[in-house]
Every structure is written in structure tokens, then in C-alpha cells.
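User: I would like a close look at one single part of this model and at what surrounds it. Please take me through one loop residue and then outward to the sheet and the core.

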Amino acid sequence: MRSVMTKLVVVALVFGLAPVALGAPADGNGKKFVFEFDEDIPDAYECGGGEWLDIHFGGWFQGQEFQGKGNRNLELAVFHVVLTFSNDEGDSFVYNDVGPDRAYFDKDGNFVVTITGRPGNVSDEGFALNGHAVVVNGDLEWFAGKKGPIAEDQACAALT
């Protein structure tokens, strides 16, 4: 799911969509960044057979970037994303993605992201994950938790 979420965040940033207060955390006296989002995206996902679902993309993420000599940690980010899929009849399906991600360089210089929570379709592997994953240089290296269908497929099954 984070792949879809990441694409939606990029769209929001590129087009300068105005954030709406959704109870996001404070900025830690300027030590953290906080980004809120609240956007409707019509016809965002096709279920097949010509049926399309709209997505409401709401929530926030916060993070802290780390700097300093000898510090391999890059960032800690916490996500609180609520995706609400809806069909033309007004029925809806809600998918929550909540959890922390940590980005760092390992001792060999690899870029590593550890993901905890409900990250969804990690590295476009084709399944949603509820648990913990380690992604190294963009490839899923390890995961623990429950696998299931991706959010879009869950929404299609519920709404079509």
C-alpha cells in the first residue's frame, strides 16, 4: 500500500494540495516535519469490467531527519493514512496504514528501510503485509507477519 500512498503523496506535493487539519501531531519545536493530507481522487483504481473506485486519501505523517558525523540514521517517519475507497453507489471500504518507518545506511553502505505496522504492498511484491519488513536498496529482503491481498483488491472485492 505504501507504493500507492507514496504516489498519492507525490501528487499532493507536486500540485500543492492544501492540507486539512486531521489531528496531526505537533512539530516537536521544529525538530520534526509534519505533513497532513486530505484529498479526493476520482476514478483512482479500476477493479476490472469497467468499474472504477474513487479514493479519499487522508491522514498525516511525521518524521525526523538525523544528521551528524558518524550517524547512519537518516530518518524516522510515522504514518497515519486512511484510504477510503468508494463506488458509484456510495458504498465504501476503509484501509488504514499506521506505523513507523526507519531509514538508515547499514555498515556496508546499503540503504535500508524498516517498516512496522500495515505497510501494504511493500516493494510492489503483490501482497499486503501486516507486520514488519526490511527493504534493502528497494528490494524486500525480509518480512514477518500476515500476508493478504493488497488494499485495492480488498476494496474491489468489497465494493463490486
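Analyst: In this predicted model, a good place to begin is the side chain of asparagine 87, which reaches the backbone nitrogen of aspartate 91 at 2.9 Å. A polar atom of that same asparagine 87 side chain also lies 2.9 Å from the backbone oxygen of leucine 159. Asparagine 87 itself is found in the loop between strand S3 (73–86) and strand S4 (92–105). With a relative accessibility of 9%, asparagine 87 counts as buried, because the cut-off for that class is under 20%. When residues up to four places away in sequence are left out, asparagine 87 touches Leu53 and Leu159.

One of these two neighbours leads on to the nonpolar core: Leu53 is listed with Phe37, Val81, Leu83, Phe85, Phe93 and Tyr95 as touching the most other members of the largest nonpolar core, which has 18 residues. The elements that give two or more residues to this core are strand S1 (33–48), strand S2 (51–65), S3, S4 and helix H2 (151–159), and S3 gives the most, with 5 residues. A second core, separate from this one, has 9 residues, among them Ala103, Val113, Phe127 and Leu140. In soluble globular proteins, nonpolar side chains tend to be buried together.

The strands on either side of the loop belong to an open sheet of 7 strands, in the order S1-S2-S3-S4-S5-S6-S7, with antiparallel pairing. S1 and strand S7 (139–148) are the edge strands, each of them pairing on one side only, and from one strand to the next the twist averages 15°. S2 and S3 pair in the antiparallel sense over 12 bridges, and within this part of the sheet glutamate 65 has glutamate 75, in S3, as its bridge partner. S1 and S2, which also run antiparallel, are joined by 12 bridges, with aspartate 40 having histidine 56, in S2, as its bridge partner. S1 and S2 form a hairpin with 2 residues between them, and in the turn glycine 49 has a positive phi of about 65°.

Helix H2 completes the picture, since Leu159, whose backbone oxygen lies 2.9 Å from the asparagine 87 side chain, falls within the range 151–159 given for H2. H2 lies across S1, S2, S3, S4, strand S5 (111–121) and strand S6 (128–136), and runs at about 175° to S4.

Methods. Residues are numbered from 1 along each chain as its sequence is written. This is a predicted model: local features need pLDDT of at least 70, side-chain atom pairs count only at pLDDT 80 or more; totals for chains, interfaces and linings use all residues. Side-chain values use heavy atoms; hydrogens and water are left out. Helices (H or I, at least four residues) and strands (E, at least two) are DSSP runs, numbered from the N terminus. Buried means under 20% relative accessible area, exposed over 50%, partly exposed in between (1.4 Å probe, protein chains only). A polar contact is a pair of N or O atoms within 3.5 Å; within protein, one must be able to donate a hydrogen and the other to accept it, and residues adjacent in sequence count only if both atoms are side-chain atoms. Contact means heavy atoms within 4.5 Å. A nonpolar core is a set of buried Ala, Val, Leu, Ile, Met, Phe, Trp, Tyr and Cys residues joined through side-chain atoms within 4.5 Å. Two strands pair if DSSP finds at least two bridges between them. Axes are lines fitted to C-alpha atoms, for helices over the stretch in contact, and angles run from 0 to 180 degrees between N-to-C directions.
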